[in-house]
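Me: Please take a close look at one part of this structure and explain it in plain terms. I would like one connected account.

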Amino acid sequence: DQNKVSAQDKNNVHFWLDMLLFFSTQAHGTRPKHTEESTNTGRNSRLAPGSTPGTLCRCPAIVFVFYVLYRLRDKIAEALGLDHVTVVRVSVKDMLPCCGSVQKPFAIYIWKVDGFHSGSWFSANNLFVEVHHGFNQSVSTRVHPQAGPSAEFKARLEMNHNPADSESPMIILVKHQLQIGSQELGRVTIPARHPDSTNTVAGKIDIGAKFGTVRWDDNTFTKAEEVAGAEGKIWYLLRPLDEMVEDP
């Protein structure tokens with residue numbers, strides 16, 4: 001019995017040594033030879049054919065790291081400024097014949113923006129608005145050169161919306177066009193889920209459907225005053241395409 005307990009204790013010690021060695025090799029890129037030989041002593045007989053010392057403990061660690069990265073993917077993307085970028089445009093549900101998504105077209109009206117400080121020391125803002133939502137390609141207004149802190153767009157952009165999608169927010173970006181690329185001046189995020197359903201993408205679309213005619217005024221448009229990264233304001237309206245009547 002004492003021999004069995006001591007053998008189990010040795011296995012536990014070897015396991016935790018392998019865990020420490022794994023993370024140390026990830027940090028330093030090398031594994032000390034004498035330590036590897038010492039931890040492998042007396043263990044080769046217990047390894048499965050084709051396996052190497054440390055394989056059994058490394059695999060769970062790698063799976064755990066990938067799991068953590070997956071759970072924090074939104075936070076990591078937000079920290080890198082890539083939370084509005086969509087790379088994979090398909091979900092698991094879309095690949096199942098019984099769970100296909102239904103895409104409903106809708107329009108995003110961008111009336112105007114105001115109060116955005118210059119993104120360059122040498123020129124006024126070349127303002128435009130860019131919208132991201134779900135699996136859609138990003139859409140944008142035309143650029144207003146030398147617009148300064150404000151611009152009136154009166155633009156209509158079109159996208160698709162999946163009513164069953166409760167994970168994809170809409171991100172409206174106000175940008176300044178540069179000679180190479182563009183600079184984000186501020187953003188408004190409309191969540192896919194919210195305790196108040198009228199503040200979600202689907203809720204905003206339903207509110208827009210109640211207006212008989214799209215009029216370019218404060219009674220029709222939503223004025224977003226809490227713009228992340230700026231003190232500006234954005235006037236926008238979401239509305240189903242099949243019920244749309246425009247006021248010239």
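Reply: This is a predicted model. The part chosen here is the surroundings of W111, a residue that is buried because its relative accessible area is 8%, under the 20% cut-off.

A pair of aromatic rings is described by the distance of the centres and the angle of the planes. Searching the whole structure gives four aromatic pairs. In one of them, W111 is paired with F221; the ring centres are 5.5 Å apart and the planes meet at 50°, which makes the pair tilted. The two residues come from distant parts of the chain: W111 belongs to strand β1 (residues 104-114), while F221 is in the loop between α5 (201-209) and β7 (222-224), 110 residues apart. Like W111, F221 is buried.

W111 also forms an aromatic pair with W235, and this one is edge-to-face, with 6.2 Å from centre to centre and 70° between the planes. Since W111 is in strand β1 and W235 is in strand β8 (residues 233-240), the pair ties together parts that are 124 residues apart in sequence. W235 has a relative accessibility of 7%, so W235 counts as buried too.

These rings belong to a wider group: one aromatic cluster is formed by Y109, W111, W216, F221 and W235. A charged residue joins the picture as well. The charged end of K112 sits over the ring of W111, at 4.3 Å from the ring centre. K112 also lies over the face of W235, where the distance to the ring centre is 4.6 Å.

For a second view of buried residues, turn to strand β2 (residues 127-133). Seven of its seven residues are buried, so strand β2 is largely enclosed by the rest of the structure. In a regular strand the side chains alternate between the two faces of the sheet. In β2, L127, V129, V131 and H133 are on one side, F128, E130 and H132 are on the other, and both faces are covered.

Strand β2 has neighbours in the sheet. Seven bridges join β2 to strand β5 (residues 170-177), and the two run antiparallel; within this pairing, V129 has V174 as its bridge partner. Two bridges join β2 to strand β3 (residues 139-140), again antiparallel, and here V131 is the bridge partner of V139. The hairpin of β2 and β3 has five residues between the strands, and in this hairpin G134 takes a positive phi near 55°.

Notes. Residues are numbered from 1 along each chain as its sequence is written. This is a predicted model: local features need pLDDT of at least 70, side-chain atom pairs count only at pLDDT 80 or more; totals for chains, interfaces and linings use all residues. Side-chain values use heavy atoms; hydrogens and water are left out. Rings of Phe, Tyr and Trp (its six-membered ring) pair if their centres lie within 6.5 Å; planes under 30 degrees apart count as stacked, over 60 as edge-to-face and the rest as tilted. Helices (H or I, at least four residues) and strands (E, at least two) are DSSP runs, numbered from the N terminus. Buried means under 20% relative accessible area, exposed over 50%, partly exposed in between (1.4 Å probe, protein chains only). A charge sits over a ring if NZ of Lys or CZ of Arg is within 6 Å of the ring centre and within 35 degrees of the ring normal. Two strands pair if DSSP finds at least two bridges between them.
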